[in-house]
Amino acid sequence: MTWIALTGIFLLYTATVTPLMISLFWRDDDCVISPTLWADTVLDVFFLLDIVVNFNTGVITRGEYYDSRAYVTKNYLTGFFLFDVLTSVPVSFVEHYVAQLCAESSGADAPLAAGEMRFVRVIKPLRWFKIARILKLAKGRDVVTSFMDHFAISPNQSKTLQVLVSLWLVLHLMACLWIFFKFVLAGSQEEIHAFLESQP
């Protein structure tokens, strides 16, 4: 239950923070470090460990519990394994390496080599892989169901909570997309600052 609770918290963090980081920091210089880099590193490690945990956790199929390693492995490989691998790309590891390259370059007052510069420029598009983690919310329904069953919360309350969380996430993603397309891609820095200063 602790692992399920952590998964739920990290999925909500990902769905909340990742769209904001991409939409608000897209125009920053390639060497600017994301303010959530260390938190993202913890999440990357957690989701990689989650793959290992899934290979070592029994499953319930048609009301029967199976903990045979062969059955669990086959069940996971034919189920969520590929999905988990694709949505667990450790982008933060690359960001740490880019930060190190930028620090070494600025410390020696020497520009980055052409190959290193190309590598640094890759980091922004690579950050879109973090968005893929939001797709893990599809698995989140199982997390919520397990949590509700454990604490004997009624199905009606569970459905109400799922609807509220889904509505909030959709509104949040739409707001981040609006900021990204309206100000980041189509607007100027002056328009962005004017908009932010106009908010209470």
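Two rings of Phe, Tyr or Trp (its six-membered ring) count as a pair when their centres lie within 6.5 Å. With that in hand, a search of the whole structure, which is a predicted model, turns up nine aromatic pairs.

One of the pairs joins Phe10 and Phe46: the ring centres sit 4.7 Å apart and the planes meet at 80 degrees, so this pair is edge-to-face, the label for planes over 60 degrees apart. The two residues come from distant parts of the chain, with Phe10 in helix H1 (residues 2–25), Phe46 in helix H2 and the two positions 36 residues apart. Both partners are tucked away: Phe10 is buried at a relative accessible area of 16%, and Phe46 is buried at 6%.

Another edge-to-face pair is made by Phe180 and Phe181, so called because the planes stand at 80 degrees, with the ring centres 5.5 Å apart. Phe180 is buried, its relative accessible area being 6%.

Back at the first pair, Phe10 and Phe46 also belong to a wider group, since one aromatic cluster takes in Trp3, Phe10, Phe46 and Phe47.

As for helix H2 itself, this element covers residues 37–55, 19 residues in total. From first C-alpha to last, helix H2 reaches 28 Å, close to the 27 Å expected at 1.5 Å a residue. Phe46 and Phe47 are both on the list of buried residues of H2. Also on that list are Leu37, Leu43 and Ile51, along with Thr41 and the aspartates Asp40, Asp44 and Asp50.

Definitions and conventions. Residues numbered from 1 in each chain as written. Predicted model: local features only at pLDDT ≥ 70, side-chain atom pairs only at ≥ 80, totals over all residues. Heavy atoms only, no water. Helix = DSSP H or I, 4+ residues; strand = E, 2+ residues; numbered from the N terminus. Expected span 1.5 Å × (residues − 1). Buried < 20%, exposed > 50% of the residue type's maximum accessible area, 1.4 Å probe, protein only. Phe/Tyr/Trp six-rings, centres within 6.5 Å; stacked < 30°, edge-to-face > 60°.
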